[in-house]
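I am starting a notebook on a structure that is new to me, and I want to set down what I looked up in the order in which I looked.

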Amino acid sequence: MSTLPLEQLLRKNIKELTPYSCARDEFQGQASVYLDANENPYNAPYNRYPDPLQRELKLKIAAIKGLRPGQVFLGNGSDESIDVLFRAFCEPRTDNVVAIEPTYGMYRVAAGINDVAYRTVLLDEQFQMDADKLLAACDERTKLIFLCSPNNPTGNSLNRAEVLKLLNNFEGLLVLDEAYIDFASEPSLMNRLDEYPGLVVLQTFSKAWGSAAIRLGMALASESIVKVLNKIKYPYNIGLPTQQQAMKMLEVAPKVKDWVASILQERDRLSKALSELRLVKHIYPTDANFLLVRVSDANRLYTALTEQGIIVRNRNNVSLCLGCLRITVGTSDENNSLLQALKAMD
């Protein structure tokens with residue numbers, strides 16, 4: 001692993017930053033009288049600020065994932081983790097990041113918000129990356145590489161050997177977004193964090209855990225990186241209702257596995273049924289809970305489906321996705337409604 005020391009990757013102002021110390025940072029544990037944070041004494045429990053470091057929740061997440069609590073950062077969705085990584089490591093108008101193309105659009109948006117140059121490397125026709133090409137796009141000011149695996153919108157897992165090649169040769173941080181990893185046959189790389197100190201793995205409660213509404217994302221990394229992210233995040237970034245609902249979901253983890261199994265079964269059924277339609281030209285291999293489907297007229301089909309109250313994602317204008325719709329795997333009834341509508345257009 002060739003990652004530079006963290007001190008060399010951090011922005012100078014972040015190294016020198018004294019973080020805001022909130023009332024609940026200064027006191028940990030239980031008390032009978034709280035008069036430290038200027039809270040309203042009425043309307044418990046919502047009158048109290050939540051644990052700013054989500055300690056109890058992180059203990060449960062770490063236990064389920066086989067990690068140490070200090071390796072877990074929690075953000076308001078994965079988007080907060082992405083933004084905090086930019087703010088911690090990328091000097092505006094000086095540093096740059098490298099990403100595959102096509103991929104999740106928020107990496108580019110976060111780069112633009114933080115005034116950081118965003119360099120892309122096009123995937124091949126099988127939606128796979130070439131590690132050497134990504135490394136060639138880097139220079140001494142490249143702080144982050146973003147990969148999404150399984151990738152969005154293509155659905156496929158990236159070649160593990162190429163990912164490891166980047167980890168072994170890139171001197172910055174490799175951010176591996178595993179939002180869809182629960183639907184893939186390949187295991188997560190989160191259990192190799194000690195082996196690769198420059199690895200940051202993003203996961204989420206939004207997909208397999210069926211909890212997109214609570215907006216909870218996880219950045220799994222070394223304790224040193226997590227300390228940096230905690231240093232610059234907003235003091236109470238994860239509200240009490242979100243923490244409470246996440247705790248409830250962790251208690252029903254077996255149910256989540258059943259949901260994933262059902263989605264995978266429906267994914268196979270939906271793919272087979274779509275392949276029998278004349279308007280479907282190609283269905284790309286997927287390791288996610290969606291299908292990327294090339295159709296005869298993506299714009300027309302998208303509009304026609306919308307008019308029937310069926311919403312899919314039109315990816316026709318995305319690199320390498322000409323003529324494609326991205327279709328999330330729904331319930332059996334939802335998938336049947338889609339198929340019925342498409343058959344009427346076939």
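The entries below deal with two pockets and then with two single residues.

**Entry 1: the largest pocket.** I kept in mind from the start that this is a predicted model. I looked up the largest pocket and found that about 610 Å³ of space lies in it. Its lining is made up of 20 residues, and those closest to the centre of the pocket are Gln30, Tyr49, Pro50, Asp51 and Leu240. I then sorted the lining residues by kind, and they divide into nine nonpolar, six polar and five charged.

Which helices each supply at least two residues of this lining? I noted helix H4, which runs over residues 55-65, and helix H10, which covers 240-251. Of the contributions to the lining of the largest pocket, that of H10 is the greatest, at four residues.

**Entry 2: the second largest pocket.** Next I turned to the second largest pocket, where the space comes to about 350 Å³. I counted 15 residues in its lining, with Ile64, Lys65, Asp182, Trp209 and Lys257 lying nearest the centre. By kind, the lining of this second largest pocket holds nine nonpolar, two polar and four charged residues.

H4 came up again here, since H4 and helix H11 (253-275) each supply at least two residues of the lining of the second largest pocket. It is H11 that gives the most to this lining, with four residues.

**Entry 3: Glu101.** I then looked up a single charged residue, Glu101, and found its place in strand S2, which spans residues 96-101. Is Glu101 buried or exposed? I recorded Glu101 as buried, because its relative accessible area is 15% and the cut-off for buried is under 20%. When I left aside the neighbours within four places in sequence, I found Glu101 in contact with Arg108, Thr120, Val121, Leu122, Leu123, Ser319 and Leu320.

**Entry 4: Val201.** The last residue I looked up was Val201, which is found in strand S6, over residues 199-204. Val201 has a relative accessible area of 0%, so I entered it as buried. Not counting residues up to four places away in sequence, I listed what Val201 touches: Leu176, Glu178, Ser188, Leu189, Met190, Leu193, Met218, Ala219 and Leu220. I also looked up how far Val201 is from Phe146, and although the two are 55 residues apart along the chain, their C-alpha atoms are separated by 10 Å.

Notes. Residues are numbered from 1 along each chain as its sequence is written. This is a predicted model: local features need pLDDT of at least 70, side-chain atom pairs count only at pLDDT 80 or more; totals for chains, interfaces and linings use all residues. Side-chain values use heavy atoms; hydrogens and water are left out. On a 1 Å grid over the protein atoms alone, a cavity is a set of points where a 1.4 Å probe fits but cannot get out, and a pocket is an open set with protein on both sides within 12 Å along at least five of seven lines; lining residues have an atom within 4 Å of a point. Grid points are joined across faces, edges and corners, and a volume is the space filled by probe spheres set on the points. Buried means under 20% relative accessible area, exposed over 50%, partly exposed in between (1.4 Å probe, protein chains only). Contact means heavy atoms within 4.5 Å.
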